[in-house]
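Here is a short report on one protein model and its ligand. Please keep the sequence and the structure in view as you read.

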Amino acid sequence: MASFFGCQGGDQKIDEPNEETRMDWWRDARFGMFIHWGLYSIPAGEWKGTTNHAEWIRTTAEISLEEYDQFLDDFNPVEFDAEAWVKMAKDAGMKYITITSKHHDGFGLYDSKTSDFDVMATPFKRDILKELADACEKAGIKLCFYHSIMDWHHPDYLPRRGWEKNRSTEGAEFPRYVDYMKNQLKELLTNYGEIGVLWFDGEWEDTWTHEEGVELYDYIRSLQPNIIINNRVDKGRQGMQGLTAEGNFVGDFGTPEQEIPDTGLPGIDWESCMTMNDHWGYNKNDDNWKSSEELIQNLVDIASKGGNFLLNIGPKADGTFPQESIERLAAIGNWMNVNGASIYETQASPFEHLDWGRVTQKQINGGTRLYLHVFDWPENGELRLGGIRNEAIQASLLSAASTQLTIRRDEDALVIELPKISPNEIDEVIYLDIKGEPDMILAPMNADSISNH
Ligand code: H79
């Protein structure tokens with residue numbers, strides 16, 4: 001599977017074993033945990049009576065550098081337990097963790113020899129990323145880093161924020177900032193074992209160029225040839241949809257943010273990142289939590305379109321996850337325990353639109369296993385799959401594989417007889433084995449877009 005934006009800068013120059021192999025674990029994984037944690041977790045979204053801030057607080061509340069630096073003295077997350085975090089991710093069914101090694105505020109969660117603005121300058125003085133790397137290694141979870149290109153702290157980063165009238169740009173040299181960032185990345189790619197993904201962000205300011213993106217992509221791959229790098233390393237991102245413009249852009253996957261593209265893109269790797277409430281960093285006043293049902297159905301929706309789901313946690317300043325996040329992770333884990341096979345290693349649905357839910361699929365024993373995710377249980381007890389020519393072999397509930405469901409053909413449709421009541425109202429999964437690969441009857445008007453849904 002070649003992506004139109006992926007790899008052109010990197011892969012041609014680097015002697016790389018095999019593109020398929022490098023992306024394989026990520027494509028199979030389907031589900032990861034995003035973690036936004038840093039000094040901004042201390043104010044927890046609140047500043048001088050305003051409450052709508054989070055990881056952007058230094059800019060959205062216009063906090064001076066001197067004032068922001070004072071959070072260093074307060075960062076002491078004594079409850080932090082790397083193994084407990086990793087266990088919560090793993091129990092939820094997540095296969096990788098992407099944590100902010102550095103967000104836009106410039107603060108490093110690790111022991112950086114190139115910076116004084118890191119966890120070693122706080123009372124905590126523990127290398128959080130090292131502890132997480134060890135816990136991930138033990139648990140078989142891939143550790144990934146979010147590293148912001150934009151940096152509101154380093155003196156050589158340009159531009160300054162519009163409101164920062166007192167921070168001089170005299171003597172600032174952007175290329176020196178790029179060297180600094182590369183040195184940081186070298187630390188991150190040398191001292192923490194094999195890293196799954198480097199997830200860049202904050203690439204949109206004018207100081208960052210396509211040439212620098214290509215150069216950085218190649219540099220990262222020279223340090224860890226098998227690493228995966230998101231499209232925000234370069235300048236091709238199309239808004240919050242996160243997909244990449246056509247052209248010579250580097251990056252291995254697109255990054256829709258807070259949205260699920262209506263149609264997946266065949267041939268393009270992509271990952272939707274989303275919050276559980278309305279903020280990435282911890283905001284103590286934000287109680288607009290998505291339900292577990294919505295989060296599970298988002299995961300299924302994304303998998304049915306061929307994408308990955310990166311679901312965010314904003315830990316508190318004491319090092320614990322918000323209780324609401326813990327509860328949602330547990331609910332997702334309960335569902336994944338039964339239904340994980342319908343998510344991992346699956347591919348996008350061959351069906352264009354279905355009233356009752358979503359479909360994922362997997363090649364099995366020379367045939368195809370279709371996973372039918374029923375969000376809305378049909379009242380007449382019959383699940384209808386229209387527009388498919390294949391011969392059916394068998395159908396069962398994934399939650400009770402011994403139950404054989406009756407299948408009949410009705411013209412262009414396969415119809416499965418269901419129990420009267422859904423065993424799981426969020427998403428009961430039925431697997432249907434068919435002979436061969438899906439042989440779809442395309443509606444003439446939509447023949448071009450069939451594989452997009
Ligand atoms: O880390 C979280 C947020 O702090 C960060 N990305 C997630 C993962 C984020 N940074 N900025 N934003 C979210 C919103 C920024 C949007 C814009 Fe733009 C930047 C609008 C204009 C410049 C996106 C990029 C749309 C055009 C370019």
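Is Glu382 buried, partly exposed or exposed? Glu382 counts as partly exposed because its relative accessibility is 28%. Buried means under 20% relative accessible area, exposed means over 50%, and partly exposed lies in between, with a 1.4 Å probe and protein chains only.

## Basis of the model

This is a predicted model, in which local features need pLDDT of at least 70, side-chain atom pairs count only at pLDDT 80 or more, and totals for chains, interfaces and linings use all residues. Residues are numbered from 1 along each chain as its sequence is written, and side-chain values use heavy atoms, with hydrogens and water left out.

## The ligand shell

The ligand is surrounded by 15 residues. The closest are His36, Glu55, Trp56, His103 and Asp201. A residue belongs to this shell if one of its heavy atoms lies within 4 Å of the ligand. By class, the shell has six nonpolar, four polar and five charged residues. Here Ala, Val, Leu, Ile, Met, Phe, Trp, Tyr, Cys and Pro count as nonpolar, Asp, Glu, Lys and Arg as charged, and the others, Gly among them, as polar.

Three acidic side chains offer polar contacts to the ligand. A polar contact is a pair of N or O atoms within 3.5 Å; within protein, one must be able to donate a hydrogen and the other to accept it, and residues adjacent in sequence count only if both atoms are side-chain atoms. Glu55 places a polar side-chain atom 2.5 Å from a ligand oxygen. Asp201 has a side-chain N or O atom 2.7 Å from a ligand nitrogen. For Glu257, a polar side-chain atom lies 3.2 Å from a nitrogen atom of the ligand.

## Two cavities

The structure holds two cavities of 30 Å³ or more. On a 1 Å grid over the protein atoms alone, a cavity is a set of points where a 1.4 Å probe fits but cannot get out, and lining residues have an atom within 4 Å of a point. Grid points are joined across faces, edges and corners, and a volume is the space filled by probe spheres set on the points.

The largest cavity has about 80 Å³ of space. Its lining has 13 residues, and Asn277, His279, Gly281, Trp289 and Gly314 are the closest to its centre. Six of the lining residues are nonpolar, seven are polar and none is charged. The second largest cavity has a volume of about 40 Å³. Its lining is made of Arg58, Asp151, Trp152, Tyr157, Pro159, Arg160, Arg161, Glu164 and Arg167. Six of these are charged, three are nonpolar and none is polar.

## The loop between E3 and H7

Two lining residues of the second largest cavity, Pro159 and Arg167, deserve a closer look. Pro159 sits in the loop between strand E3 (142-148) and helix H7 (174-190). Helices (H or I, at least four residues) and strands (E, at least two) are DSSP runs, numbered from the N terminus. The peptide bond between Leu158 and Pro159 is cis, with omega about 0°. Most peptide bonds are trans.

Arg167 lies in the loop between E3 and H7. Arg167 is buried because its relative accessible area is 16%. A polar atom of its side chain lies 3.3 Å from the backbone oxygen of His153.

## Helix H9

How many of the 13 residues of H9 are buried? Eleven are, so the helix is mostly covered. Among them are Leu295, Ile296, Leu299, Val300 and Ile302.

H9 covers residues 292-304. Its end C-alpha atoms are 18 Å apart, which agrees with the expected span of 18 Å at 1.5 Å a residue. That span is 1.5 Å times one less than the number of residues.

## Strands E11 and E12

Arg369 is in strand E11 (residues 367-374). Arg369 counts as buried because its relative accessibility is 18%. Its side chain makes a polar contact of 2.7 Å with the side chain of Asp433.

Glu382 belongs to strand E12 (residues 382-385). Glu382 and Pro123 are 259 residues apart in sequence. In space they are 62 Å apart, C-alpha to C-alpha.

## Positive phi angles

Glu62 has a positive phi near 50° and is not a glycine. Glu62 lies in the loop between helix H3 (57-60) and helix H4 (65-69). Gln258 also has a positive phi, about 60°.

Technical notes: On a 1 Å grid over the protein atoms alone, a cavity is a set of points where a 1.4 Å probe fits but cannot get out, and a pocket is an open set with protein on both sides within 12 Å along at least five of seven lines; lining residues have an atom within 4 Å of a point.
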